[in-house]
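Dear colleague,

I am passing on the structure below, and after it you will find some notes on what turned up when I went through it. Please read them alongside the coordinates.

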Amino acid sequence: MNLNRRSMMLGAGGLAALAASPFAVQAAKASGKIASVGLQLYTVRELFAADPVATLEKVAKVGYREVEFGGGGYDAMDHKLLRSTMDRLGLTCPSLHIGYDALLDKFDASVAMAKTLGAGTVVLPYMVDKYRNAEAWKAALVNINRFGAQLKAAGLGFAYHNHDFEFTTKPDGVSLFDQLVKACDPDLVKIELDVYWAIYAGQDPQALIRSLAGRIYSYHVKDMRADRSMTSVGSGTVDFAAIFKLNAIAGVQHFYVENDQAPAPYIPDITKSFQTLRALRF
């Protein structure tokens with residue numbers, strides 16, 4: 001997620017099911033607005049690591065009703081406590097980030113954690129440098145497909161979250177992203193499209209979305225200043241209304257605010273993004 005995140009890899013049932021249901025997705029498409037704005041908790045990782053319960057309370061107070069766990073040491077926390085806190089606050093966790101090594105070495109524990117937190121989808125958030133060559137990436141894609149099949153058997157969905165390197169690294173002249181899309185079964189491996197990183201890598205987001213029709217599980221939503229740095233949604237130059245008009249094509253179920261470089265004290269930043277997306281019409 002973050003330029004500095006390289007070493008940090010790693011919902012109550014009825015409400016979560018409603019949020020992920022085709023009816024909810026169709027309602028969002030028809031209304032031209034986002035029905036439920038989510039937050040990737042990596043944005044507030046320093047707060048979350050220090051006091052996860054108080055942080056979830058602050059997130060809920062802003063108005064968020066969906067959270068996606070990632071970073072902040074959540075994987076080593078008391079997941080039953082996190083779940084009971086979410087239930088108390090009216091929060092759900094449609095998906096969470098679990099690193100490649102954890103899926104390789106601690107698959108059963110990862111599934112148990114996801115289910116305890118009420119997640120319906122596991123997202124692979126990042127691939128470290130050693131996998132970004134032709135041979136290692138090809139081998140990793142075999143595992144990524146296998147993760148998707150195993151998670152499906154366990155009753156969970158699976159998605160891959162992009163950064164910029166998947167588009168800009170091109171062993172044998174084909175980008176890592178294009179290799180992933182071609183090699184992975186679209187029924188098993190969806191995409192969590194980080195709009196900022198795609199644009200940062202020089203992609204046309206609307207053309208990219210069209211090329212991934214029906215395959216995008218969720219968006220990570222952060223804005224970009226003129227100097228290409230990250231900022232809260234509404235404080236930059238990205239035309240999210242134009243992008244979200246393609247939701248009927250994309251098949252997106254969730255919209256997660258994320259600012260990898262949000263400034264302390266963090267809550268004003270996520271509040272600005274939340275208010276902007278709640279007011280957005282497309």
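The charged end of R228 sits over the ring of Y200, at 4.0 Å from the ring centre, and there is another such arrangement in this predicted model, where the charged end of R45 sits over the ring of Y42 at 4.1 Å from its centre.

Rings also meet one another here, since the structure holds 17 aromatic pairs. One of them is formed by W137 and Y160, which are edge-to-face, with 6.3 Å from centre to centre and 90° between the planes. W137 belongs to helix 8 (residues 134–153) while Y160 belongs to strand 5 (residues 157–161), so this pair ties together parts that are 23 residues apart in sequence. As for accessibility, W137 is buried, with a relative accessible area of 0%, and Y160 is likewise buried, with a value of 0%.

A further pair is made by F244 and F282, whose ring centres are 5.8 Å apart; because their planes stand at 75°, the pair is edge-to-face, given that planes over 60 degrees apart count as such. F244 lies in helix 13 (residues 240–244) and F282 in the segment after helix 15, so the contact between the rings ties together parts that are 38 residues apart in sequence. With a relative accessibility of 1%, F244 counts as buried, whereas F282, at 21%, is partly exposed, because the limit for burial is under 20% relative accessible area. F244 and F282 also belong to one aromatic cluster, together with Y219, F240 and F255.

Turning to helix 4, which spans residues 52–62, the buried residues there are P52, T55, L56, V59, A60 and V62. Seen down the axis of helix 4, these buried residues fall within an arc of 155°, and so they line one face of the helix. The general background is that an α-helix has 3.6 residues a turn, so residues three or four places apart point the same way.

What do the buried residues of helix 4 pack against? Their partners are strand 1 (37–40), helix 3 (45–50), strand 2 (66–69), helix 5 (79–89) and helix 15 (267–279). Just after helix 4 comes G63, which takes a positive phi of about 130°.

With best regards

How values were computed:
Residues numbered from 1 in each chain as written. Predicted model: local features only at pLDDT ≥ 70, side-chain atom pairs only at ≥ 80, totals over all residues. Heavy atoms only, no water. Buried < 20%, exposed > 50% of the residue type's maximum accessible area, 1.4 Å probe, protein only. Helix = DSSP H or I, 4+ residues; strand = E, 2+ residues; numbered from the N terminus. Arc of directions from axis to C-beta. Contact = heavy atoms within 4.5 Å. Phe/Tyr/Trp six-rings, centres within 6.5 Å; stacked < 30°, edge-to-face > 60°. Lys NZ or Arg CZ within 6 Å of the ring centre and 35° of its normal.
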